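Reader: Could you take me through the aromatic cluster in this one, slowly, and then show me what sits around it and where the empty space is?

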Amino acid sequence: MAIESTVGEMAIDTNLKQFVLVLCVSLAVATLPQIVTWLRRIPYTLLLVIVGLGLASLDVRLVNLSPALILSIFLPPLVFEAAWNLQWARLKRDLVPICLLAIAGVLISIAGIAIGLNQLVGLSLPTALLIGASLSATDPVSVVALFRALGVDKRLSTLMEGESLFNDGMAIVAFSFLLAFALGTANFQVQSILMQFFSVVGIGIGVGCLIGFGLSYLTQRFDLPLVEQSLTLVSAYGTYLLVEDLGGSGVIGVVTTGLILGNFGSRIGMNPRTRVIVTEFWDFLAFFVNSIVFLLIGDQIRFAILGRNLGVIAATVGAMLLTRAISVYGLGWISNRITQADISMPDQTVLWWGGLRGSVSIALALSIPAVLPDREGIIATVFGAVLFTLLIQGLTIPPLLKQLNLLGNQPIRQHYEELIAHQVALNRVLNHLTQAEQLAGIEPEFYRYQETLVKGELARLKREIEQLQDDYPNLQHFVVEQFREELLAIEATTYAELVRAGRLNQELAPLLQTVLTDDRDQL
């Protein structure tokens, strides 16, 4: 017994040292762009992959990446954070194209990759289907981070994040069935397959709704920011584990919970200060987890095995890009026909090329049992394809955006917001000087001198703001949209305060949402 205890303590000590080492390397990479300026052009997550590749080339393995580590520990917080920050109003607008890409797109991807590998390189159908299922889940973390930095339209981010949230669950469900097919334990009756699918999805949505709405109303009863923050963390992992134990899709359950808490629970159950605390916590957790995952993806590459499978990897990448094009352009055309979504051709091109693969694909490939003879080849192929999407597609997104004229004027907007912030702050200083003029012990000349300095700076700021507005007329649209969002936030916060005070039984839908949307359409 003592020997077992000693061995367990040694294992914990070793794992803890590896964990700290991974964190140290990740944080070191995070500081690199501050030292080497040109590295700022590379998204942080892609830089982690490159550093991981460098370590792999030196045969330095930080830790063994297991599917349980990604699916059970890393995936729930990443999915929850994305769902928490995804605005339902934006998601609802493009729900049809997102659902088409997340459901039909996954099926097209699996079928296209499987047929291509089966016909081009002669892989068996079960093996080709498993590769297709592993690579059907998109992971746009790096691309969305680029969008935010470059000021790209938020709609593109919503389309990419929404598709990724839903197709992760679809890909995992499809992979589970195809793995059973490869092992010879699958039931091929159509009715049975449909029942299994609706059961898996239904359990996820049902449990996610119960936990999401339950916590939303529970947090109305108290105002304890740290407790509410902890409850969101427990809900992310708890939903995933509970849904998986019940036979549903844990990812779909976490997505549902995150959407409800982010768009409903945070409004009726949390005051504005608590919402900010919880959001900042999840931003930190997403950064923390992504730092580990992307570094380890690069670090797990086995160059010798990749070299032996280059032909299969090349065929997989070709089939993956082709099926992605069919999904995006074909389903985009259908969506534009049946809805008012109107996704432009440049936007569809970015959706096609920006469909990166990442941690979920790696985890699914690693979860294949060792009894399958083609396991090593599947893992190598998936790793190679993921590496291509991250490095080749990920690094070429900025020039593609520039070529398609989709780059935003984020630096100008940032400068404009800083000028407005300075103006607001100095106006408050001026008001304070006016109110505090009668304080004893300070000479009136000092007040007048300080007032002259502040008024002079305000005049300079006003001239600079007006000059920016003249030079960049598009700023007017940005200011109007920002003001609309502020109005909606004030209205929603007021309803939440009235609910907490007991003057309303439930939160009202923002009335201004419809009014401002109609106003935007008229303009």
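Author: Let's start with what counts as an aromatic pair: rings of Phe, Tyr and Trp (for Trp, its six-membered ring) pair if their centres lie within 6.5 Å, with planes under 30 degrees apart counting as stacked and over 60 as edge-to-face. Keep in mind that this is a predicted model.

With that in hand, the cluster itself: F80, W84, F281 and W282 form one aromatic cluster. The structure as a whole holds eight aromatic pairs. Take F80 and W84, whose ring centres are 6.2 Å apart with the planes at 25°, so this pair is stacked. Both sit in helix 3 (residues 67–85), four residues apart, which puts about one helical turn between them. Are they buried or exposed? The cut-off for buried is under 20% relative accessible area. F80 comes out at 0% relative accessibility, so F80 is buried. W84 is at 5%, so W84 counts as buried too.

Now the other two members. F281 and W282 also make an aromatic pair, but an edge-to-face one, with 5.5 Å from centre to centre and 75° between the planes. F281 and W282 are both buried.

What about a neighbour of the cluster? Look at T232, which is found in helix 10 (residues 225–245). T232 is buried, its relative accessible area being 2%. Setting aside neighbours within four places in sequence, T232 is in contact with F80, W84 and W282, and also with M270 and V278. So that threonine touches cluster members F80, W84 and W282.

Helix 3 turns up again if you move over to helix 16 (residues 359–366). Helix 16 is mostly covered, with eight of its eight residues buried. The buried residues run S359, V360, S361, I362, A363, L364, A365 and L366. They pack against helix 3, and also against helix 6 (125–134), helix 8, helix 12 (272–299) and helix 17 (375–395).

On to the empty space. Searching the whole structure turns up four cavities of 30 Å³ or more. The largest has a volume of about 80 Å³. Its lining is made by L101, G105, V106, S109, S136, T138, E163, N167, T323, R324, S327 and R357. Helix 5 (95–120), helix 8 (154–183) and helix 14 (310–338) each supply at least two of the lining residues. Of the elements, helix 5 gives the most, with four residues. By character, the lining of the largest cavity divides into two nonpolar, seven polar and three charged residues.

The second largest cavity has a volume of about 40 Å³. P97, L101, V328, L331, G332, I343, Q348 and L351 line it. Two or more of these residues come from each of helix 5, helix 14 and helix 15 (345–353). Helix 14 has the largest share in the second largest cavity, three residues. What is the make-up of this lining in nonpolar, polar and charged residues? The lining of the second largest cavity has six nonpolar residues, two polar and no charged. For a link between the two cavities, look at L101: L101 lines the largest cavity, and L101 is also in the lining of the second largest.

Technical notes. Residues are numbered from 1 along each chain as its sequence is written. This is a predicted model: local features need pLDDT of at least 70, side-chain atom pairs count only at pLDDT 80 or more; totals for chains, interfaces and linings use all residues. Side-chain values use heavy atoms; hydrogens and water are left out. On a 1 Å grid over the protein atoms alone, a cavity is a set of points where a 1.4 Å probe fits but cannot get out, and a pocket is an open set with protein on both sides within 12 Å along at least five of seven lines; lining residues have an atom within 4 Å of a point. Grid points are joined across faces, edges and corners, and a volume is the space filled by probe spheres set on the points. Ala, Val, Leu, Ile, Met, Phe, Trp, Tyr, Cys and Pro count as nonpolar, Asp, Glu, Lys and Arg as charged, and the others, Gly among them, as polar. Buried means under 20% relative accessible area, exposed over 50%, partly exposed in between (1.4 Å probe, protein chains only). Contact means heavy atoms within 4.5 Å.
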